Amino acid sequence: MLEQTPEPPTPRTLLITLTGRDRPGVTSLVFDTLARFGVEVVDIEQIVLRRRLILGLLVSSPRTWTALRTALEDVARELDMTLEIEQGSGDNQPRPQGRSHVTVLGTPLRAPAVAAIAGRIADTGANIDRIERMARYPITAIDLHVSGVDPVELRDLLAREAATQGVDIAVQPASLLRRGMRLIVMDVDSTLVQGEVIEMLAARAGCEDEVARVTEQAMRGELDFAESLRSRVALLEGLEASALDDVYADLQLTPGARTTVRVLKRLGYRFAIVSGGFSQLTDRLAADLGIDFAMANELEIVDGRLTGRVVGPIVDRAGKATALRRFAAEVGVPVSSTVAIGDGANDLDMLNAAGLGIAFNAKPVVQEAAHTAVNVPYMDAVLYLLGITREEVVAADAEEGITTPEPLL
């Protein structure tokens, strides 16, 4: 019979916590002290909130640790900080399966909302392992690292709480995909730009009210998009093609749109716009913003005037999802690495096909079906869902001479 080798004893460890006012040299002084005792650093966490420092250290315990405790107590007195030391054994327990990033957006973010969200997470038996702030202006965004519950189950639960609390919540599985290069596919009207281009054209053709009424029904999913587009375009018959130039000059980007594209392009992301609008405008928009791909409907123009017809297949709900898959293949990323952003019912297939579908200030039917909803009026809120903090954005912009607005606080 083979003799079994006994398991080696679990090494003893010390959990050291220092709290107090932050100042330069705190961490250096603590580690200089630890170095004299030859301990091994197992784990370390440090946060600073309004110049208050919390430093947590997990280190191996020397054979006689009382001398180390005395030395650290001397350091704590010198720094006027509070010291706690707890004996134990081994490393941190590994985080349970079912790990998620829960991003919460609020304008403002109030304590009752955070309490409710934390309560719903606790109800599942899951744990919040870490919380970090992603932004404080013009919205407050925090990211909760959660473990111990299936992300899909958590998403469904927190979606209901988000509606009750009037905040936006995005739940994404914690995986390498969040850090990898991705493809962003955006709708244009009422997403990348404010308003509906076809209504702006209709205003110049004298039929804005009629077109706006049909557009609203189509975006709510009450009308077939292709049929509604043909009926609306027919009302533009005879409009001078120069009206397209006038409309383009009047287009207003959604706040934060240019920042979103600029920041993610720096990181190697690729962009596409897929629109039920018109290529005569979207192609120019793509060139202006440095967007890699664009697909939209083409208005027929004869003798300098719109004929009231579109040329070629109509980019509808199914066409947008097809375009997302095609662009992903061209870029060479899996569909799971795509992010789709839209507001209308004709965006639903695209939002559901993407790895992350974001309903941006969308109609209720879209918010209910998408992976997550963002109801703040700032496109760059999407950056926080991707793990990018506003501080990082401001710093990167400053290196290029771009001044990012900051609060007075």
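Select Glu227 to begin: in this predicted model, Glu227 lies in helix α7, which covers residues 225-234. Is Glu227 buried or exposed? Its relative accessibility is 55%, and because exposed means over 50%, Glu227 counts as exposed.

Keep Glu227 selected and add Val302. How far apart are Glu227 and Val302 in space? From C-alpha to C-alpha they are 22 Å apart, with their positions 75 residues apart in sequence.

**Next stop: Ser100**

Now move to strand β5, residues 99-106, and pick out Ser100 there. With 0% relative accessibility, Ser100 counts as buried, because the cut-off for buried is under 20%. Which residues does Ser100 touch, leaving aside those up to four places away in sequence? Show the side chains around Ser100 and you will find Leu144, His145, Val146, Val149, Pro151 and Leu154. Ser100 also touches Val171, Gln172, Pro173 and Ala174.

**Next stop: strand β1 and its partners**

Colour strand β1, residues 12-21, together with strand β4, residues 82-89. These two strands pair in the antiparallel sense, over eight bridges. To see one position in this pairing, select Thr13, which stands opposite Gly88 in β4.

Then add strand β3, residues 52-60, to the selection. How many bridges join β1 to β3? There are nine, and these two strands also run antiparallel. Here a good residue to click is Ile16, with Leu57 of β3 standing opposite. While the strands are on screen, turn the view and follow the side chains: in a regular strand they alternate between the two faces of the sheet.

**Zoom out: the whole chain**

Finally, reset the view and show the full chain as a cartoon. You can trace 15 helices and 15 strands. Along the principal axes, the C-alpha atoms fill a box of roughly 90 × 60 × 40 Å. The radius of gyration is 27 Å, whereas a compact globule of 409 residues would have one near 22 Å.

Switch on a surface next. The accessible surface of the chain comes to about 20,500 Å², and carbon and sulfur atoms account for 50% of that. Of the 409 residues, 46% are buried, Ser100 being one of the buried residues.

If you display contacts, consider those between residues at least 6 apart in sequence: 66% of these join residues at least 24 apart. For a last look, colour by charge. The chain carries 41 positive and 58 negative charges, and the mean positions of the two sets are 5 Å apart.

Terms used
Residues numbered from 1 in each chain as written. Predicted model: local features only at pLDDT ≥ 70, side-chain atom pairs only at ≥ 80, totals over all residues. Heavy atoms only, no water. Helix = DSSP H or I, 4+ residues; strand = E, 2+ residues; numbered from the N terminus. Rg over C-alpha atoms; globule rule 2.2 N^0.38 Å. Buried < 20%, exposed > 50% of the residue type's maximum accessible area, 1.4 Å probe, protein only. Contact = heavy atoms within 4.5 Å. Areas by Shrake-Rupley, 256 points an atom, 1.4 Å probe, with all protein chains shown as cover. Lys, Arg positive; Asp, Glu negative; His and termini not counted. Charge placed at Lys NZ, Arg CZ, Asp CG, Glu CD. Pairing = 2+ DSSP bridges.
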